[in-house]
Amino acid sequence: MAPTSHKTKHMIEGFVRDGSFKWMNKHHKSPHRELIEMKNSPSADKKWIHDLSVVANVVVRRCSKILNTSTGQLRENFEAEASDATKHPSRYARNFLEYSCFSALALSTEASGYMEDKKFRRLTFDMMVAWEVPDAVSQTSGEVDENATVGAEAFSRIAPAVPIIANVVISSYVFEFLTASTEGRLQFSTYEKYLSALERSIRKLKSHSESSLLSSQRSKRGERILEVDGTVTTQPVLQHLGISTWPGRLTLTDHALYFEPLRVVSYDKPIVYELADDLKQVVKAELTGPWGTRLFDKAVLYKSNSLSEPVILELPELKGHTRRDYWLAIIREILYAHRFISDFQLTGAERDEALLKAIFGILRVQALNHLNSTIPLCYEAGLMFNACDQLPGGDRILEAIATKLTPKYQLSVLITMAYSLEFVFGTSEITVGEVTPLEKAVSESRSNYKMVADAQATVDGAKVEGLDTNLAVLKELLFPVIDLGTRLLGILYWDEPANGWLAYVVALLLSIFAMNMLLTRCFSQRQGVDVLKVIVPPAMNKMEQLLAVQNAISQAEEIVQEGNVVLLKIRGLLLSIFPQASNRFAAALVVFALVVTIVPFRWLIIFIFFEEFTKYSPMRRAQTERWMRRVREWWFSIPAAPVILERAQEDKKKK
């Protein structure tokens, strides 16, 4: 073996002497063990890769031990498998580091209980540290110490290699939440707390799944119990059906939602609210209150084709509606996961993997929920399927995910240990030295999301409270239409005689109505008059009638409010208050004008007729839904024109 080079020994001794590896000692058997072994080894020069930084060398050596191979052999494997672009000198160090890390993590996560291993936690963090300074050129003398931190890019690159820790879609949000109080740099102490909380969530899920809860109901499909609430008398869950209310226990599995009404000393038979079957389910936030009033924003509404009327599940708490928001998000995550499975017709291992992604998301949210943070936890942003439902182009992200599921990329076998949650997938959401289609879709979607969020902020600012105020805003927005109506009435009353032709149009319409009445009378004498049948609603007492009126007023206010938002967006487009949106709208109008000018009108009518009656046919449904989503995303990205409310000056002096 070749003797150890003076340069390599000098470098190692320097870092040991300076104490730059104090950060490694906490969870190792002896101080500087790895560096001392490398320094004293006769083959130290072969183990040390001069292209890599010190921290990258140490991480690669740990990876080689996990893979039960030498550093040299690991490098030879990389040289043989990597493309020429991946081995380019400018990218060689980071790509080789990624190759070593991803290979080691794929093998490490096959071991049961790897999340409990503190060395594994430290290793994943050290990988992130090394990723930021992979080559010898990028390192500085004080680069690594016991207070080393990592940035968003390093976290988003390494963490998704362990699916339970993060994935490409939500990794940026997890990082933002963990670093809210540390100026965008992740500390190991915070990272370890997150993994500890995650490990506790896994244990809780195992405990629930091994319990006798709903054993007879969920045994057929092998359902996992993800969350249970309502077991504590101080925090009940209330089910509302019509005007009746009943307390009970609420349970969410990876297939359905169960509510068990509470009796005197036990629970009644569970009521099942299906999430796996296609029943056109709607799950949304709802207001509740005594006798059906809409006062408290603390409930979840569930309705489907299998129910005659919607059911409302209330999760009361003294302050806020965080408890409801959490349940709403995790219920939707399971519902959206099954819709994803249905849309892409997933079966077998692909289906299991898709469900597991939803389960991992819920576990991550549970872990984050137990951490102290300076910002509130946005549950939807931390759940992959929820996020894809909200992000612009989220359907493209789901398409990219569907193509990366295990059977389509036969890289390794899906390892499954029943109910233990010790899973690893051979397919990775990231590729050494490359940006995958999934990463591209997520990056593009998040860049567009900022524009949508800014537009939504203007919409929220334009909404005003009170039916009278909303009607006043509506009247002001409709002033041009009202003015046009006044002019038309002027023409009708011959205030503008030059346009007297309108009177003949009105006379013609009246004549048509009269003729229709005569024909109807003639035919009705022969066939008899059709009787109008009306189903009488159940009788209501005075209280119920008052509540019905109150609900009608609330719904009317919401309708007027949404109408105002539409008009404000149109006003913003027409007045070019927001040039970017107005330019696209103007271009679309010009294109439409050209089409109307060039294409014969009868062909346009035929095309519109054909389009409307075929767009939801089996052949076109997917394309139509994709197009409608693009239109909705474009509409949501349009800001609302600003509104200023001015109170009329009132003389408050009393005589």
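**Exercise 1. In this predicted model, place the salt-bridge network of Asp 395, Arg 629, Arg 630 and Glu 633 within the fold.**

Solution. Begin with the helix assignment: helix H23 covers residues 621-636, and among its buried residues are Arg 629, Arg 630 and Glu 633, together with Thr 624. Next, consider what surrounds them: the buried residues of H23 pack against helix H14 (384-390), helix H15 (394-403) and helix H16 (437-462). Finally, Asp 395 completes the network of salt bridges with Arg 629, Arg 630 and Glu 633.

**Exercise 2. Check whether the end-to-end distance of helix H23 agrees or disagrees with the span expected for its 16 residues.**

Solution. At 1.5 Å a residue, the expected span of H23 is 22 Å. The C-alpha atoms at its two ends lie 22 Å apart, and the two values therefore agree.

**Exercise 3. Compare the settings of two salt bridges, Arg 185 with Glu 132 and Arg 323 with Asp 229.**

Solution. Take the pair of Arg 185 and Glu 132, whose closest N and O atoms are 2.9 Å apart. This pair links distant parts of the chain, since Arg 185 lies in the loop between helix H9 (171-178) and strand S2 (186-187) while Glu 132 belongs to helix H7 (residues 118-132), 53 residues apart. Arg 185 is partly exposed, with a relative accessible area of 31%, and Glu 132 is also partly exposed, at 27%.

Turn then to Arg 323 and Asp 229, where the closest N and O atoms are 3.0 Å apart. Here too the pair links distant parts of the chain, with Arg 323 in helix H12 (residues 322-343) and Asp 229 in strand S3 (residues 225-229), 94 residues apart. The cut-off for buried is under 20% relative accessible area; Arg 323, at 10%, therefore counts as buried, and Asp 229, at 14%, is likewise buried.

**Exercise 4. Describe the surroundings of Ser 90, stating whether the residue is buried or exposed.**

Solution. Ser 90 is found in the loop between helix H5 (71-81) and helix H6 (92-108). Its relative accessibility is 57%, and Ser 90 therefore counts as exposed. Its side chain makes a polar contact of 2.8 Å with the side chain of His 88, while the C-alpha atom of Ser 90 is separated by 9.5 Å from that of Asp 135, 45 residues away along the chain.

**Exercise 5. Relate the UniProt "transmembrane region" at residues 585-610 to the modelled secondary structure.**

Solution. The unreviewed UniProt entry lists residues 501-519 and 585-610 under this heading. Over residues 585-610 the model is 92% helix and 0% strand, with end C-alpha atoms 25 Å apart.

Methods
Residues are numbered from 1 along each chain as its sequence is written. This is a predicted model: local features need pLDDT of at least 70, side-chain atom pairs count only at pLDDT 80 or more; totals for chains, interfaces and linings use all residues. Side-chain values use heavy atoms; hydrogens and water are left out. Helices (H or I, at least four residues) and strands (E, at least two) are DSSP runs, numbered from the N terminus. The expected span of a helix is 1.5 Å times one less than its number of residues. Buried means under 20% relative accessible area, exposed over 50%, partly exposed in between (1.4 Å probe, protein chains only). Contact means heavy atoms within 4.5 Å. UniProt positions are given in the numbering used here, feature names are shortened, and annotations may be inferred rather than shown by experiment. A polar contact is a pair of N or O atoms within 3.5 Å; within protein, one must be able to donate a hydrogen and the other to accept it, and residues adjacent in sequence count only if both atoms are side-chain atoms. A salt bridge is a side-chain nitrogen of Lys or Arg within 4 Å of a carboxyl oxygen of Asp or Glu.
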